[in-house]
Amino acid sequence: MADYQGFWSYVHKDDEAEGGRIAQLARDVASQFEMLTGEPIHLFLDRDDIEWGESWKTKIDSGLASVAFFIPVMTPRYFQSPECRRELHTFAHKAQELGLKDLVLPLRYMEIPSLDDPKAEDALLRLVGGFQWVDWTSLRFEDRTAGLYRSEVAKLAQRLVAANMRAEEIAVLQEVQPSSETKVDNDEDG
């Protein structure tokens with residue numbers, strides 16, 4: 001059984017303004033992932049995963065270090081939050097270094113005009129604008145029981161399944177391919 005883990009990055013005030021719908025969306029995606037794969041997935045939600053009295057920054061940093069997926073729920077406030085920006089920057093650069101850009105799965109929850117601007121002044125907006133993100137701006141108003149909402153949740157979960165398969169393929173390739181140092185040693189012997 002695989003240990004699937006993801007990080008759901010969002011602004012608490014946005015979730016509160018939406019009546020808890022952003023955190024609920026994370027739970028809905030996790031449930032759909034489990035239906036599709038038969039395997040559990042743990043989406044780190046700081047409200048669910050940090051106990052009273054725990055150091056939130058340490059817990060988040062250790063969560064970021066161990067996850068396979070990063071889902072930033074993008075709103076104007078998201079890009080104003082120093083902590084959300086740090087989380088996104090950390091994971092996006094880590095994913096790019098590993099050649100796993102598809103493990104950053106941005107969710108555009110509200111209109112952010114400069115997100116579409118490749119010349120935006122904000123380097124983080126330019127960075128995330130280069131990722132394949134999902135537009136949830138109109139879906140955020142759908143009832144959770146509506147067919148359209150449920151269908152789009154299933155698509156998000158399927159995207160997590162596909163991203164995980166890609167990560168597993170790359171991990172296997174990295175284990176199978178000898179390092180360049182090993183290749184040099186073999187060339188000298190032969």
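This passage walks through the fold of a single chain, from its overall layout to its sheet, its helices and its core.

The structure described here is a predicted model. Its secondary structure comes to 8 helices and 5 strands. Following the sequence from start to end, these elements appear in the pattern β-α-α-β-α-α-β-α-β-α-β-α-α. The chain has 190 residues, and 43% of them are buried. Among the contacts between residues with a separation of 6 or more, 71% join residues that are 24 or more positions apart.

A good place to begin is the sheet. The 5 strands form an open sheet with parallel pairing, and their order across the sheet is β2-β1-β3-β4-β5. The edges are taken by β2 and β5 (residues 134-135); each has a single partner strand, so one side of each is left without a neighbour in the sheet.

Strand β1, which spans residues 4-9, pairs with β3 in the parallel sense over 4 bridges. It also pairs with β2, again in the parallel sense and over 4 bridges. Residue G6 shows this double pairing nicely: its bridge partner in β2 is L43, while its bridge partner in β3 is F69. Further along, W8 has I71 of β3 as its bridge partner. How many residues of β1 are buried? The count is 6 of 6, so β1 is largely enclosed by the rest of the structure. The side chains can be followed on both faces: Y4, G6 and W8 point one way, Q5, F7 and S9 point the other way, and all are buried.

Strand β3, made of residues 69-74, is likewise mostly covered, with 6 of its 6 residues buried. On one side lie F69, I71 and V73, on the other F70, P72 and M74, and both faces are covered. Besides its pairing with β1, β3 pairs in the parallel sense with β4 (residues 107-108) over 2 bridges. In this pairing V73 stands opposite L107, and M74 has R108 as its bridge partner.

Helices lie across this sheet. Helix α2 lies across β1, β2, β3 and β4, and runs at about 165 degrees to β2. Helix α5 lies across β1 and β3, running at about 145 degrees to β3.

Helix α5 rewards a closer look. It covers residues 82-97, 16 residues in total, and reaches 22 Å from its first C-alpha to its last, close to the 22 Å expected at 1.5 Å a residue. Which residues of α5 are buried? They are E83, C84, E87, L88, F91, A92 and A95. Viewed down the axis of α5, these buried residues fall within an arc of 150 degrees, so they line one face of the helix. On the other side of α5, P82 and E97 are exposed. Just after the helix, G99 takes a positive phi of about 75 degrees.

The next topic is the interior. In soluble globular proteins, nonpolar side chains tend to be buried together. In this model, the largest nonpolar core has 53 residues, and the members that touch the most others are W8, F79, L88, L107 and W136. At least two residues of this core come from each of β1, α2 (21-37), β2 (41-44), β3, α5, α6 and α7 (147-176). Several of these names are familiar from above: W8 is one of the buried residues of β1, and L88 is one of those of α5. The surroundings of W136 can also be listed: leaving out residues up to four places away in sequence, W136 touches L25, L107, R108, Y109, Y149, E152, V153 and L156.

A last stop is M110, found in the loop between β4 and α6 (123-129). Is M110 buried or exposed? The answer falls in between, because a relative accessibility of 28% makes M110 partly exposed; the buried class is kept for values under 20% and the exposed class for values over 50%. Setting aside neighbours within four places in sequence, M110 is in contact with M74, T75, P76, T137 and R140. One of these partners, M74, belongs to the buried residues of β3. M110 and L139 are 29 residues apart in sequence, and their C-alpha atoms are 10.0 Å apart in space.

Notes: Residues are numbered from 1 along each chain as its sequence is written. This is a predicted model: local features need pLDDT of at least 70, side-chain atom pairs count only at pLDDT 80 or more; totals for chains, interfaces and linings use all residues. Side-chain values use heavy atoms; hydrogens and water are left out. Buried means under 20% relative accessible area, exposed over 50%, partly exposed in between (1.4 Å probe, protein chains only). Two strands pair if DSSP finds at least two bridges between them. The expected span of a helix is 1.5 Å times one less than its number of residues. The arc is that of the directions from the helix axis to the C-beta atoms. Contact means heavy atoms within 4.5 Å. A nonpolar core is a set of buried Ala, Val, Leu, Ile, Met, Phe, Trp, Tyr and Cys residues joined through side-chain atoms within 4.5 Å. Axes are lines fitted to C-alpha atoms, for helices over the stretch in contact, and angles run from 0 to 180 degrees between N-to-C directions.
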